[in-house]
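Reader: I would like each label in this description justified against its cut-off. Please start with the ligand.

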Amino acid sequence: MIASTADIEKAVAVLRAGGLVALPTETVYGLAADAEDPVALARIFQVKGRPPSHPLIVHIGGADRLEGWVAEVPEAARKLADAFWPGPLTLVLRRSARVPLEVTGGLETVAVRVPAHPVALRLLEAFGGGVAAPSANRFGSVSPTTAAHVRAELGDGVDFVLDGGPCTVGVESTIVDVSGASPVLLRPGGITREDLEAVLGHPVPDGAAGDSEVRVPGQHPSHYAPSATVVLVEPEQVLAEAAVAHKQGRRVGVLVPPAYADLPVDAHAVIAVPASPADYARGLYGYLRDLDEQGCDLIIASLPPERGLGTAIANRLGRAAGPRP
Ligand code: TXA
Ligand code: MG
């Protein structure tokens with residue numbers, strides 16, 4: 001089901017009334033509120049169960065609207081916006097006075113992106129302003145990539161769900177901090193480091209984790225996590241580890257690496273990972289949800305090669321396997 005004009009009008013009315021709308025984007029579904037309404041913003045944090053110090057991304061309808069939200073647009077930001085917007089890239093810039101501190105978690109910078117999804121762009125055009133939208137999941141859990149995931153995860157917490165079909169990228173946007181002397185990568189995502197470096201003409205290092213000024217995304221050890229425990233092993237160990245845990249009576253779910261797709265697997269639930277990183281990224285969160293739904297208590301997987309989209313997939317699996325609170 002794809003959003004009709006009436007759906008867009010309803011969503012705009014909900015945003016104007018201070019409500020929350022589930023917003024389809026090319027990466028994951030967002031939980032959207034009017035970025036200039038502090039009361040609506042407070043509801044986002046409450047519904048997600050997210051600490052209010054954890055800043056939100058402002059979504060705007062086009063690069064030409066950027067000036068209204070930020071204090072300045074450095075050359076690197078302009079180049080990246082020209083190359084990748086609309087698209088799965090978020091830029092961190094110095095905020096303008098228009099951006100409430102509720103959006104930025106008290107920081108003097110703001111994260112902004114133009115999503116490449118026709119329904120999101122229609123909504124932003126009709127709404128006119130910016131919408132703050134974190135991923136539409138409970139804090140720490142797996143991001144939703146379908147409207148059904150949002151309903152299952154947030155239920156009545158969201159006032160209106162815009163259905164834009166399954167997300168085509170499947171992992172969150174790449175976040176680049178362009179507010180300092182030179183760009184740094186805060187979160188790998190739908191735009192690869194190689195893509196960024198090709199446009200900028202120089203290396204883009206990872207942002208310094210632990211810097212007291214910067215809230216590096218996913219700084220909490222466990223993030224993007226299903227209910228089942230996630231254990232990462234070398235690709236050639238996946239089937240053997242699964243067989244051992246299966247024998248011990250665990251309800252094992254396995255993400256089978258492409259090289260081993262044809263071998264038999266001793267496990268409760270088995271998903272063969274696509275060989276194409278784009279297909280893997282698109283499917284990843286659905287696989288984790290699926291294994292949870294099948295009642296797995298342990299998921300065994302391996303990291304894909306860390307290049308291109310594989311870097312974002314490896315980052316999310318690494319966090320899913322991180323220590324839980
Ligand atoms: O693809 C996406 O980016 C999705 C869709 C809905 O657009 N949104 C998303 O939002 O992933 P969220 O809230 O789950 O993740 C946003 C991340 C947070 O981890 C936050 O730390 C970081 O962006 N962030 C936001 N503002 C920031 C800032 N001023 N400085 C550093 N990091 C910031
Ligand atoms: Mg999130």
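Reader: What makes the pair between arginine 187 and ligand 1 a polar contact?

Author: In this predicted model, an N or O atom in the side chain of arginine 187 is 2.9 Å from an oxygen atom of ligand 1. A polar contact is a pair of N or O atoms within 3.5 Å, so the pair qualifies. Serine 135 has a polar side-chain atom 3.0 Å from an oxygen atom of ligand 1. For threonine 109, the partner of the side-chain N or O atom is a nitrogen atom of ligand 1, at 3.0 Å. The protein buries 98% of the 680 Å² that ligand 1 exposes when taken alone.

Reader: Which strands supply at least two residues each to the shell around ligand 1?

Author: Strands S3 (57–59), S5 (109–113) and S9 (184–187) do. The largest share, 4 residues, comes from S5.

Reader: How do you know that the length of helix H9 agrees with its number of residues?

Author: H9 has 17 residues (277–293), and at 1.5 Å a residue they should span 24 Å. The end C-alpha atoms are 24 Å apart, so the two values agree.

Reader: Where does H9 bend, and by how much?

Author: The bend is at glycine 283 and amounts to about 45 degrees.

Reader: Why is Gly283 called buried?

Author: Buried means under 20% relative accessible area, and Gly283 is in that class, so the label applies. Other buried residues of H9 include Tyr280, Leu284 and Arg289.

Reader: What do the buried residues of H9 pack against?

Author: Their partners include helix H6 (147–154), strand S11 (252–256) and helix H10 (310–320).

Technical notes:
Residues numbered from 1 in each chain as written. Chains lettered and ligands numbered in written order. Predicted model: local features only at pLDDT ≥ 70, side-chain atom pairs only at ≥ 80, totals over all residues. Heavy atoms only, no water. Expected span 1.5 Å × (residues − 1). Bend = angle between axes of the 7 residues up to and from the residue. Buried < 20%, exposed > 50% of the residue type's maximum accessible area, 1.4 Å probe, protein only. Contact = heavy atoms within 4.5 Å. Polar contact = N/O pair within 3.5 Å; in protein donor to acceptor, adjacent residues only side chain to side chain. Areas by Shrake-Rupley, 256 points an atom, 1.4 Å probe, with all protein chains shown as cover.
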